[in-house]
Amino acid sequence: GADAAAVALCRAKGYSRPDWAAPGAPRLLAAAGAWRHPVTVSRGRDPFAPRVQHATATVGGRVYCYGGLGDDGRPTDALDVLELSADRTVARWLPFATTGDKPDAAENARMTAVELLDGRQYLVVLGDACCHVLDLLSRHWNGYQWPLFGSAHFATMNISGRPHVVSINNSYEAFWVIDAEKLVSGDSTAWALAKVRDGVPFSPREGAAAAVVGGATLVITGGGAGGFAGGGE
């Protein structure tokens, strides 16, 4: 059964079921039954209603959410940050104001977070023909040329003790990698193509999810392959 606090929160939002949005709203899973310790959402941007098909990334103990489709069905360029109270009982979504060469409004955006060895933190968002790098200290965006196309997954991994950003194409056969410090400085010539050993042992998918575990392992799960849901790889 779902935790009573999460169910009450969903019902307060007008959901007919604790795990689905009400008719007319984006179909956002509230996942009430999955939260073992639901937190109270304080005033700020509504965390359930704003968007679907957005991108998220975590760095410095914060969750950042960019882009997606709003309630009106149109792409948004909103960037928000989720902050937790010190005792982890209250969560609050807040708009994250920025300057500079901001990325365009987009759905199904690709974003990753980078923390360099010296502690500097960045968000990197892929556009149609460029990538946008946000310095989280200055809150300023810079846009750089993007030489790759068709990125299905975009993530940050620890390779040889240094943070690297990787991009996997839609067929899962091209694995591009770049030192994160070079990427945030705008060196688009530093991308290198890594060989996928033994080919691709599973069918390419659409709509799969990916996460980096332990800093050096990329886990891909779900998605549609030939009309069927995939498993974890």
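**Exercise 1. Two residues with positive phi**

In which loop is S160 found? Then work out whether S160 is buried or exposed, and treat N108 likewise.

*Solution.* The model is a predicted one.
- Step 1: place S160. S160 is found in the loop between β11 and β12.
- Step 2: read its backbone. S160 is not a glycine, yet its phi is positive, at about 55°.
- Step 3: judge its exposure. The relative accessible area of S160 is 76%. Exposed means over 50%, so S160 is exposed.
- Step 4: turn to N108. This residue sits in the loop between β6 (99–100) and β7. Phi of N108 is near 55°, again a positive value in a residue other than glycine.
- Step 5: judge N108. Its relative accessible area is 45%. Partly exposed covers the range between 20% and 50%, so N108 is partly exposed.

**Exercise 2. Two strand residues**

Find the strands that hold S167 and D179. Decide whether S167 is buried or exposed, do the same for D179, and list what S167 touches and what D179 touches.

*Solution.*
- Step 1: place S167. It belongs to strand β12 (residues 162–169).
- Step 2: apply the cut-off. Buried means under 20%. S167 has 3% relative accessibility, so it counts as buried.
- Step 3: list its contacts, leaving aside neighbours within four places in sequence. S167 meets W146, L148, S151, H153, F154, A174, F175, W176 and W191.
- Step 4: place D179. Its strand is β13 (residues 175–179).
- Step 5: apply the cut-off again. D179 has 14% relative accessibility, so it also counts as buried.
- Step 6: list its contacts, with the neighbours within four places again left aside. D179 is in contact with R162, P163 and H164.
- Step 7: follow the side chain. The side chain of D179 reaches the backbone nitrogen of E181 at 2.9 Å.

**Exercise 3. A208 and the largest pocket**

Locate A208 and say which residues it touches. Then describe the lining of the largest pocket.

*Solution.*
- Step 1: place A208. It lies in the loop between β14 (192–194) and β15 (209–213).
- Step 2: judge its exposure. With a relative accessible area of 18%, A208 falls under the 20% cut-off, so it is buried.
- Step 3: list its contacts, not counting residues up to four places away. A208 touches H153, Y172, I220, T221, G222 and G223.
- Step 4: check one C-alpha pair. A208 and G224 are 16 residues apart along the chain, and their C-alpha atoms are separated by 7.1 Å.
- Step 5: move to the pocket. The largest pocket holds about 1100 Å³ of space. It is lined by 30 residues, and T56, H153, A208, A209 and A210 lie nearest its centre.
- Step 6: assign the strands. β2 (55–59), β7 (110–115), β11 (151–159) and β15 each supply at least two lining residues. β11 gives the most, with five.
- Step 7: sort by class. The lining has 16 nonpolar, 11 polar and three charged residues.

**Exercise 4. The whole protein**

How many helices and strands does the protein have, and what share of its residues counts as buried?

*Solution.*
- Step 1: count the elements. There are two helices and 18 strands.
- Step 2: take the buried share. Of the 233 residues, 36% count as buried.
- Step 3: take the surface. The accessible surface comes to about 13000 Å², and 52% of it belongs to carbon and sulfur atoms.
- Step 4: take the contacts. Among contacts between residues at least 6 apart in sequence, 41% join residues at least 24 apart.

Notes. Residues are numbered from 1 along each chain as its sequence is written. This is a predicted model: local features need pLDDT of at least 70, side-chain atom pairs count only at pLDDT 80 or more; totals for chains, interfaces and linings use all residues. Side-chain values use heavy atoms; hydrogens and water are left out. Helices (H or I, at least four residues) and strands (E, at least two) are DSSP runs, numbered from the N terminus. Buried means under 20% relative accessible area, exposed over 50%, partly exposed in between (1.4 Å probe, protein chains only). Contact means heavy atoms within 4.5 Å. Accessible areas come from the Shrake-Rupley method with a 1.4 Å probe; for residues, only the protein chains shown count as cover. A polar contact is a pair of N or O atoms within 3.5 Å; within protein, one must be able to donate a hydrogen and the other to accept it, and residues adjacent in sequence count only if both atoms are side-chain atoms. On a 1 Å grid over the protein atoms alone, a cavity is a set of points where a 1.4 Å probe fits but cannot get out, and a pocket is an open set with protein on both sides within 12 Å along at least five of seven lines; lining residues have an atom within 4 Å of a point. Grid points are joined across faces, edges and corners, and a volume is the space filled by probe spheres set on the points. Ala, Val, Leu, Ile, Met, Phe, Trp, Tyr, Cys and Pro count as nonpolar, Asp, Glu, Lys and Arg as charged, and the others, Gly among them, as polar.
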